[in-house]
Amino acid sequence: MRIGILNSGGDCPGLNAVIHGVVGAATTLGWEVVGFRDGFEGLLPPGDYMMLDVEKTIGIMKLGGTILGTTNKGHFVAKIGEGDVAEVPKEIVEKAKTTLKHLEVGALIVVGGDGSLTTGLQLYRMGIPVIGVPKTIDNDIQATAMSFGFDSAVATVVDALDRLHTTAESHKRVIVLEVMGRHAGWIALYGGMAGGADVILLPEVPFHMEHVARAVRARDARGLHSTLIVVAEGARMESGELVKKQTIGGGGEDRLGGIGDYVAREVEKLTGKETRACTLGHLQRGGAPSALDRILGVRFGTKAVHLIEEGKFGRMVSYQQYQVGDVSIEEAVNQLRLVTRDSEIVRAARSVGICFGDS
Ligand code: F6P
């Protein structure tokens with residue numbers, strides 16, 4: 001048996017741990033593994049790939065990024081803009097099939113987010129035996145309680161907040177930290193809570209600048225002259241407006257960014273307090289995975305191989321109630337896991353005085 005694996009979409013810490021898990025489990029079964037380069041693009045004839053074995057993957061688990069490369073563009077894009085789905089052209093799928101047949105690859109593991117899994121589902125429906133592995137640094141796929149990369153990203157946010165704390169206090173300033181989170185604010189919420197943020201602004205909880213300013217003033221009145229604000233890149237004002245860095249034509253996803261600067265400007269205007277903004281950006285996606293992400297990656301990778309062994313194609317690996325199981329890819333795509341206003345975690349945050357800009 002020979003199986004294939006590819007990563008698609010944005011990278012995140014833990015991808016190499018998945019590869020390590022896949023190669024380890026496959027080798028134990030006496031199978032061979034073909035790693036396709038640069039996402040689905042590696043499937044185009046003649047195939048851009050490398051043979052993976054235990055020797056070649058020694059030590060990769062601790063490395064960030066992916067040894068296979070990845071892309072969120074190309075011939076196989078099935079998710080366009082905000083939620084629209086496009087069909088991958090039939091001739092492109094046929095080309096992928098030709099490559100897989102030529103290389104005698106009997107099953108394909110697709111490691112990707114919602115968009116890449118949508119592509120994986122289409123390939124499966126068109127006859128390719130696909131297994132999905134969820135990859136989302138934003139942790140926003142409903143069908144898995146947790147995905148690798150998230151824990152490492154949160155650690156980066158906490159480290160940044162710890163550093164910003166000391167400089168904010170020294171200068172009696174407000175500092176706004178912009179973090180990733182397009183539709184879901186989990187990174188901002190977890191990172192903000194663990195890093196001692198005073199205000200957390202999320203895509204799911206529309207905020208009003210006056211409420212944010214009031215929180216800053218209230219802290220000042222209590223003698224707390226510095227304030228840390230964490231804002232997710234996809235946070236929306238009550239007007240529903242998103243701050244974008246670049247609008248992408250032709251159905252691509254717009255590049256978000258700039259909300260941190262906006263919030264900082266407005267806070268300074270409304271409170272008169274000296275305010276600075278800092279954007280964490282891709283620092284959250286790079287670097288070594290945390291211990292938790294390494295373990296999760298290895299468990300996801302080995303589970304994917306075992307699903308192939310059981311012939312459970314069209315399924316996605318999923319983490320639920322401390323166990324790695326599986327769900328249908330169909331069920332998993334298009335279902336975002338979002339923060340809810342009245343959830344226990346948000347109530348806990350409010351109880352310790354964190355403001356969400358909505359009251
Ligand atoms: O979906 C993950 C994510 O990190 C988002 O939070 C962010 O908007 C996007 O990817 C950025 O991706 P890239 O810079 O690779 O286009």
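**Exercise 1.** List the residues around the ligand in this predicted model, and sort them by class.

*Solution.* Step 1: take the residues around the ligand, which are N72, I137, D138, M180, G181, R182, E233, H282 and R285. Step 2: sort this shell by class, which gives two nonpolar, three polar and four charged residues.

**Exercise 2.** Which side chains have polar atoms placed 3.4 Å, 3.3 Å and 2.7 Å from an oxygen atom of the ligand?

*Solution.* Step 1: the distance of 2.7 Å belongs to H282, from a polar atom of its side chain to a ligand oxygen. Step 2: for D138, an N or O atom of the side chain is 3.3 Å from an oxygen atom of the ligand. Step 3: for N72, the separation between a polar side-chain atom and a ligand oxygen is 3.4 Å. Step 4: set the cover beside these contacts; on its own the ligand has 400 Å² of accessible area, and the protein covers 69% of that area.

**Exercise 3.** Where does the ligand lie with respect to domain 1 and domain 2?

*Solution.* Step 1: divide the protein chain into domain 1 (2-148 + 289-332) and domain 2 (154-284). Step 2: compare these bounds with the shell; both domains give residues to it, so the ligand lies between them. Step 3: add the spacing of the domains, whose C-alpha centres are 33 Å apart.

**Exercise 4.** Describe the second largest pocket by volume, lining and residue class.

*Solution.* Step 1: the volume of the second largest pocket is about 150 Å³. Step 2: its lining consists of A197, D198, A215, A218, R219, R222, V352, G353, I354 and C355. Step 3: by class, six of the lining residues are nonpolar, one is polar and three are charged.

**Exercise 5.** Place T166 in its helix and give its relation to R163 and S226.

*Solution.* Step 1: T166 belongs to helix 5, which runs over residues 150-171. Step 2: a polar atom in the side chain of T166 is 2.9 Å from the backbone oxygen of R163. Step 3: turn to S226, which is 60 residues from T166 in sequence; the C-alpha to C-alpha distance between the two is 9.5 Å.

**Exercise 6.** Which residues are joined by a cis peptide bond, and what is the sign of phi at E104?

*Solution.* Step 1: the cis peptide bond joins P45 and P46, with omega at about 10 degrees. Step 2: locate P46 in the loop between strand 2 (32-36) and strand 3 (49-52). Step 3: phi of E104 is positive, near 60 degrees, in a residue other than glycine. Step 4: locate E104 in the loop that lies between helix 3 (90-102) and strand 6 (107-112).

Definitions and conventions: Residues numbered from 1 in each chain as written. Predicted model: local features only at pLDDT ≥ 70, side-chain atom pairs only at ≥ 80, totals over all residues. Heavy atoms only, no water. Near = heavy atom within 4 Å. Polar contact = N/O pair within 3.5 Å; in protein donor to acceptor, adjacent residues only side chain to side chain. Areas by Shrake-Rupley, 256 points an atom, 1.4 Å probe, with all protein chains shown as cover. Nonpolar A, V, L, I, M, F, W, Y, C, P; charged D, E, K, R; others polar. Domains from an automatic or database assignment. 1 Å grid on protein atoms, 1.4 Å probe; cavity = no way out; pocket = protein on both sides within 12 Å on 5 of 7 lines; lining within 4 Å. Points joined across faces, edges and corners; volume = space filled by probe spheres on them. Helix = DSSP H or I, 4+ residues; strand = E, 2+ residues; numbered from the N terminus.
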